[in-house]
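Welcome! Please take a moment with the sequence and the structure below, and then read on for a short tour.

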Amino acid sequence: MEIKTVGIASDHAAFPLKQFVKQYLEEKGIAYKDYGTYTEESCNYATYGHALAKGIEDGEVFPGIAMCGSGEGISMTLNKHQSIRAGLCWIPEIAHLIRQHNNANVLVMPGRFIDNDMARKILDEFFATEFEGGRHQQRIDDIPVK
């Protein structure tokens with residue numbers, strides 16, 4: 001995957017995980033843009049999910065990493081955007097498959113259910129895995145509502 005600037009977003013429940021993700025990206029020398037939230041004060045995950053999706057759609061960032069407490073709410077928000085393919089991952093094997101088969105452009109992690117060590121493994125797998133193409137491309141082409 002060719003990385004541009006990684007877009008990141010979270011709600012309050014996943015704020016600590018987002019801080020770890022920023023540290024991870026800095027260690028790897030990967031530029032990022034933080035779309036919020038910026039504190040652990042209660043907030044709406046949709047606000048930050050839509051901001052990240054818009055950043056990807058506008059070409060500001062690629063790929064994206066998003067987090068909320070369960071990972072579900074922000075995934076639902078992101079996937080409302082036609083060009084976003086956000087996949088929720090809690091183990092590295094799923095990160096591998098969302099890249100290899102689904103060409104996911106946003107990795108989503110559940111902030112309340114994984115620790116930093118697991119997040120590191122998931123991130124490593126997401127960034128290391130290429131899209132396989134072939135039969136999977138036709139499936140991706142069929143995702144958008146026409």
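## A loop with an unusual residue

Asn 103 sits in the loop between helix H4 (92-100) and strand S5. Keep in mind that this is a predicted model. Most residues other than glycine have a negative phi. Asn 103 is not a glycine, yet its phi is positive, at about 50°.

## Two cis peptide bonds

Other loops invite a look at the backbone too. Most peptide bonds are trans. The bond from Gly 36 to Thr 37, however, is cis, with omega near -5°. Thr 37 is placed in the loop between strand S2 and helix H2 (45-57).

Phe 62 and Pro 63 are also joined by a cis peptide bond, and omega there is about -5°. You will find Pro 63 in the loop between H2 and S3.

## The sheet

Now for the strands. In what order do the five strands of the open sheet lie? Reading across, the order is S2-S1-S3-S5-S4, and the pairing is parallel. Strand S2 (32-34) and strand S4 (86-88) are the edge strands, each pairing on one side only. From one strand to the next, the twist averages 20°.

Let us follow one edge a little further. S4 runs parallel to strand S5 (residues 106-110), and three bridges join the two. Ala 86 has Val 106 in S5 as its bridge partner.

## A helix across the strands

Helix H5 (residues 116-128) lies across three strands: strand S1 (6-10), strand S3 (64-68) and S5. Relative to S5, helix H5 runs at about 165°.

H5 also takes part in a ring pairing. A pair of aromatic rings is described by the distance of the centres and the angle of the planes. The structure holds two aromatic pairs. One of them is formed by Tyr 24 and Phe 127, which are stacked, with 6.3 Å from centre to centre and 10° between the planes. This pair links distant parts of the chain: Tyr 24 belongs to helix H1 (residues 15-28) and Phe 127 to helix H5, 103 residues apart.

## The largest pocket

Finally, which residues are closest to the centre of the largest pocket? The pocket holds about 170 Å³ of space. It is lined by 13 residues, and those closest to its centre are Asn 79, Ile 84, Arg 85, Ala 86 and Ile 143. Ala 86 is thus a familiar name, as the bridge partner of Val 106 in S5.

Sorted by class, the lining has seven nonpolar residues, five polar ones and one charged.

Conventions: Residues numbered from 1 in each chain as written. Predicted model: local features only at pLDDT ≥ 70, side-chain atom pairs only at ≥ 80, totals over all residues. Heavy atoms only, no water. Pairing = 2+ DSSP bridges. Helix = DSSP H or I, 4+ residues; strand = E, 2+ residues; numbered from the N terminus. Axes fitted to C-alpha atoms, helices over the stretch in contact; angles between N-to-C directions. Contact = heavy atoms within 4.5 Å. 1 Å grid on protein atoms, 1.4 Å probe; cavity = no way out; pocket = protein on both sides within 12 Å on 5 of 7 lines; lining within 4 Å. Points joined across faces, edges and corners; volume = space filled by probe spheres on them. Nonpolar A, V, L, I, M, F, W, Y, C, P; charged D, E, K, R; others polar. Phe/Tyr/Trp six-rings, centres within 6.5 Å; stacked < 30°, edge-to-face > 60°.
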